[in-house]
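User: I'm new to this one and would like a quick tour. Could you show it to me first, and then I'll ask away?

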Amino acid sequence: MRRGDSVDVSPWRPAACAFVMLLLSACARTGPPASSSLTASSSSSTAGRASVTASPSPTLPEGTRVEEESGEPIGVTSIDGRTWFGLNGTGEVRTGAGAKVAVGSHPLRLTAAADGGAWVSVFGDSELVRLSATGAVLRRVPLSGGGRPEGVVGSVSDLWVVDERADDLVRLDPDTGAERQRTRVGSGPRLLTLGASKVWVTAYDDGTVTAVDRTSGAAGPSRKGVCRGPQGVVVARGLVWVACTVEHVVVALEPTGLAEVASLQLRDADAVAATGDHVFAVGQSGPVVLTIDASTHAVVRRSTLGMHQAVGDGNV
């Protein structure tokens with residue numbers, strides 16, 4: 001979401017959307033699924049950064065599930081083995097059981113709550129909404145100062161949300177939603193992820209990546225200008241992986257000083273996630289999912305949905 005007093009939803013206006021279960025939710029017009037497998041290659045498309053190319057392959061990876069979903073799905077999370085996601089265009093959340101629950105204006109991101117329900121950042125209403133495991137609305141928590149909640153992630157002890165308007169990371173009580181602490185991060189913060197001892201936050205406007213201590217709330221390390229348009233972020237194999245949308249790359253950073261360790265080209269790189277030894281990165285154009293070996297930093301698979309229109313927002 002862009003900043004400002006009005007709600008800008010222009011990136012999420014395509015008429016139809018597609019959803020790749022547990023890998024990708026994004027807005028796009030539907031088309032026949034396709035995939036490609038990677039062939040080793042490196043070239044220079046962005047100054048100082050490596051690129052990768054691929055050869056075509058007729059199928060998506062085995063086990064991939066694709067669904068079409070209207071309503072502009074954006075935020076996606078797995079809760080008790082089922083997939084929940086927000087429908088930005090209709091103001092709803094689809095639960096793991098398939099029910100659609102009205103939550104407010106422009107729901108963006110979701111994170112699992114302790115009892116099997118979810119917390120949802122509702123950008124247009126400046127609040128977080130707590131849903132039960134069955135999808136009932138249990139609580140609405142407004143952000144102070146009319147903040148704009150974007151990325152949200154929870155743990156047993158804390159709930160963290162990015163306030164895009166205030167340029168803050170906000171720490172909340174995971175049961176009540178009461179605000180505990182605020183930490184200033186970069187300009188135009190978007191998304192975040194939990195590390196063992198820190199919360200990592202990306203700031204789209206000034207290219208900042210910031211770590212915030214999960215106990216004290218102190219910021220650092222922080223580095224401005226990591227790349228242009230950082231959004232998705234995840235920690236895997238001791239590195240911080242960041243999707244840089246404007247620069248069309250996925251970068252891996254060492255966590256102490258945030259020096260760049262690896263870089264892979266991905267057009268309109270948007271979101272990243274990690275499971276075990278692999279990082280999954282979503283590019284809006286295609287849309288494309290890269291499977292990256294988190295230890296060697298090599299791309300081991302490139303999967304393309306082959307839709308007619310680039311996605312408006314990708315999540316993993």
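User: Which residue does a disulfide join to Cys227?

Analyst: A quick note before we start: this is a predicted model, where local features need pLDDT of at least 70, side-chain atom pairs count only at pLDDT 80 or more, and totals for chains, interfaces and linings use all residues. Residues are numbered from 1 along each chain as its sequence is written, and side-chain values use heavy atoms, with hydrogens and water left out. A disulfide here is a pair of cysteine sulfur atoms within 2.5 Å. The S to S distance to Cys227 is 2.0 Å, and the partner is Cys244.

User: What is the handedness of the link of Cys227 and Cys244, and where do the two sit?

Analyst: The angle about the S-S bond is -85°, making the link of Cys227 and Cys244 left-handed. The pair links distant parts of the chain, 17 residues apart. Strands are DSSP runs of E with at least two residues, helices are runs of H or I with at least four, and both are numbered from the N terminus. So it's a left-handed link, with Cys227 in the loop between β23 (219–223) and β24 (230–236) and Cys244 in strand β25 (residues 239–244).

User: Are Cys227 and Cys244 buried or exposed?

Analyst: Buried means under 20% relative accessible area, exposed means over 50%, and partly exposed is in between (1.4 Å probe, protein chains only). By that scale, both Cys227 and Cys244 are buried.

User: Zooming out, how many helices and strands does the protein have?

Analyst: Buried residues make up 55% of the 316 residues in the protein. Contact means heavy atoms within 4.5 Å, and of the contacts with a separation of 6 or more, 43% are between residues 24 or more positions apart. As for the count you asked about, the protein has zero helices and 31 strands.

User: Which strands pair with β21?

Analyst: Two strands pair if DSSP finds at least two bridges between them. Strand β20 (residues 189–194) runs antiparallel to β21 with four bridges, and a hairpin of three residues joins the two. On the β22 side there are six bridges, also antiparallel. The partners are therefore β20 and β22.

User: Which residue stands opposite Thr202 in β22?

Analyst: Thr202 belongs to β21 (residues 198–203), which is mostly covered, with five of its six residues buried. On the β20 side, Leu194 stands opposite Val199. The hairpin of β21 and β22 has four residues between the strands, and Gly207 takes a positive phi near 70° there. Opposite Thr202 in β22 stands Val209.

User: Which residue's side chain makes a polar contact with the side chain of Gln231?

Analyst: Gln231 sits in strand β24 and is buried, with a relative accessible area of 5%. Leaving out residues up to four places away in sequence, Gln231 touches several others, including Leu191, Thr202 and Tyr204. A polar contact is a pair of N or O atoms within 3.5 Å; within protein, one must be able to donate a hydrogen and the other to accept it, and residues adjacent in sequence count only if both atoms are side-chain atoms. At 2.7 Å, the side-chain partner of Gln231 is Arg190.

User: Which residue has Arg190 over its face?

Analyst: A charge sits over a ring if NZ of Lys or CZ of Arg is within 6 Å of the ring centre and within 35 degrees of the ring normal. Arg190 lies at 4.0 Å from the ring centre, and the residue in question is Tyr204.

User: Why does Asp173 count as buried?

Analyst: Asp173 lies in the loop between β18 (168–172) and β19 (179–184). Its side chain makes a polar contact of 2.9 Å with that of Arg180, and the backbone nitrogen of Thr176 lies 3.0 Å from a polar atom of the Asp173 side chain. Asp173 counts as buried because its relative accessibility is 16%.

User: Last one: which residue is the bridge partner of Val250 in β27?

Analyst: Strand β26 (residues 249–253) and strand β27 (residues 260–265) pair in the antiparallel sense over five bridges. Their hairpin has six residues between the strands, with Leu258 at a positive phi near 65°. The bridge partner of Val250 is Leu264.
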